[in-house]
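Here's a quick tour of one protein model, from its unusual backbone spots to its helix packing and cores. Have a look at it first, then read on.

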Amino acid sequence: MAPQSANSEGAELGRFLRARRTQTSPEHVGLTVGAGIRRTPGLRREELATLAGISIDYYVRLERGKETRPSPAVLDSLARALHMDDQEHQHLRELAARAARYAPEPPPAPSRAVRPHLKLLLESLRPNPAYVISRSMDMLAWNPGGLALYAGLEDWPAKHRNLARYLFLHPASRNLFTDWDRQITACVARLRAVAGTAPDAPDLTNLVGELLLKSPDFARLWERYEVTGRKPAQKTFHHPRVGPLTLTSQSMHLEGTPDQRIGVYTADPGTPDHDALLLLDMTAPAAAPHQEVPHT
């Protein structure tokens, strides 16, 4: 079991490098492409190895998951050669660090319990929609607007309420978001970043496995292996109950929790968007507050 786990970590590092290589064009890194048909999308292995100043044999071992201890200098050279941004560079370092560690057993799924004071915090944020989610985007607790904002999510059993599952599998999600394509791209990138450093964790593997089987859109984006962080942003919703509204979102890590985050949506008081939030809060199902996902 131990050798398989180690190979799994090295394979994840290799998958990330291969995805970045095949999606980096020679022109983007300053290479001149000669006439003729290139059978390889993006950079060839030997081109990347040359740009990074490492041997082609060593790079092939990295990409195949057989080399799991690249030096920081090699990682930095690969990141520069592939023009990685800061988030991608950090993700590469995290994958390499995990590949180098001995992990005899898959890590357990983190606790789903939400502390009582966090449930009180959600209630105090009304009428602003707010919820607590796990690292795999399970909704663990919410205030009325936090659940009602995602139209139709309340119809699912509590244990199935997951924002990634909602985006890809709930028929209402495509109509709810004006930029659904952008939403699903960011969602997959976030899951990729988390799953890359915990590839055997059951809460992540179960969700990813389900979405790979049920959603071609998810499978396509998952294959691209893009990673990004969470940033404050405005989102526009076409909500069937309260109409269109544009809200500012903020996600924050909750200290002292097993990778739980709180998500909050706000609108300036006195605006039509804030009026819509008030209406959403008032008309939300009465059973919504303070619920959490049961243990499974």
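Does D259 count as buried, partly exposed or exposed? D259 counts as partly exposed, because its relative accessibility is 39%. Keep in mind that this is a predicted model. D259 sits in the loop between β4 (243–253) and β5, and its phi is positive, about 65 degrees, although D259 is not a glycine.

**Backbone oddities**

Some background helps here: most residues other than glycine have a negative phi, and most peptide bonds are trans. Besides D259, take a look at Y225, another non-glycine residue with a positive phi, this one near 55 degrees. Y225 belongs to the loop between α12 (216–224) and β3 (233–239). Y225 counts as buried, because its relative accessibility is 1% and the cut-off for buried is under 20%.

Then there's the peptide bond between R126 and P127, which is cis, with omega at about 10 degrees. You'll find P127 in the loop that runs between α6 (116–124) and β1 (130–133).

**The overall picture**

Zooming out, the protein has 13 helices and five strands. Of its 296 residues, 49% are buried. If you take the contacts between residues at least 6 apart in sequence, 62% of them join residues at least 24 apart.

**Two helix pairs**

Here are the two crossings side by side.

| Helix pair | Angle | Axis distance |
|---|---|---|
| α2 (residues 45–52) and α3 (residues 56–63) | about 115 degrees | 9 Å |
| α4 (residues 72–81) and α5 (residues 86–100) | roughly 145 degrees | within 10 Å |

With α2 and α3 packing at about 115 degrees, α2 is therefore roughly perpendicular to α3. The crossing of α2 and α3 is right-handed. On the α2 side the contact uses R45, E46, L48 and A49, while α3 brings I56, Y59, V60 and E63. Sorted by type, the residues of that contact come out as five nonpolar, three charged and no polar.

The crossing of α4 and α5 is right-handed too. Here L75, D76 and A79 of α4 meet H89, L92, R93 and A96 of α5. This contact of α4 with α5 splits into four nonpolar residues, one polar and two charged.

**Inside the protein**

Which residues touch the most other members of the largest nonpolar core? Y150 and F168 do, in a core of 45 residues. Helix α10 (residues 180–197) gives the most to this core, namely six residues. Leaving out residues up to four places away in sequence, Y150 touches Y131, L163, Y166, L176, F177 and Y265. There is also a second, separate core of 24 residues, with L13, L62, M84 and A96 among them. A96 is familiar from the contact between α4 and α5.

**A267 and its partners**

One last stop is A267, in the loop between β5 (261–266) and α13 (272–283). Is A267 buried or exposed? A267 is buried, because its relative accessible area is 13% and the cut-off for buried is under 20%. Beyond its neighbours within four places in sequence, A267 is in contact with N128, L247, D273, H274 and L277. N128 is worth picking out: A267 and N128 are 139 residues apart in sequence, and their C-alpha atoms are 7.9 Å apart in space.

Technical notes: Residues numbered from 1 in each chain as written. Predicted model: local features only at pLDDT ≥ 70, side-chain atom pairs only at ≥ 80, totals over all residues. Heavy atoms only, no water. Axes fitted to C-alpha atoms, helices over the stretch in contact; angles between N-to-C directions. Helix = DSSP H or I, 4+ residues; strand = E, 2+ residues; numbered from the N terminus. Parallel < 35°, antiparallel > 145°, perpendicular 65-115°, else oblique. Left-handed = near helix turned anticlockwise from the far one by under 90°. Contact = heavy atoms within 4.5 Å. Nonpolar A, V, L, I, M, F, W, Y, C, P; charged D, E, K, R; others polar. Core = buried A, V, L, I, M, F, W, Y, C linked by side-chain atoms within 4.5 Å. Buried < 20%, exposed > 50% of the residue type's maximum accessible area, 1.4 Å probe, protein only.
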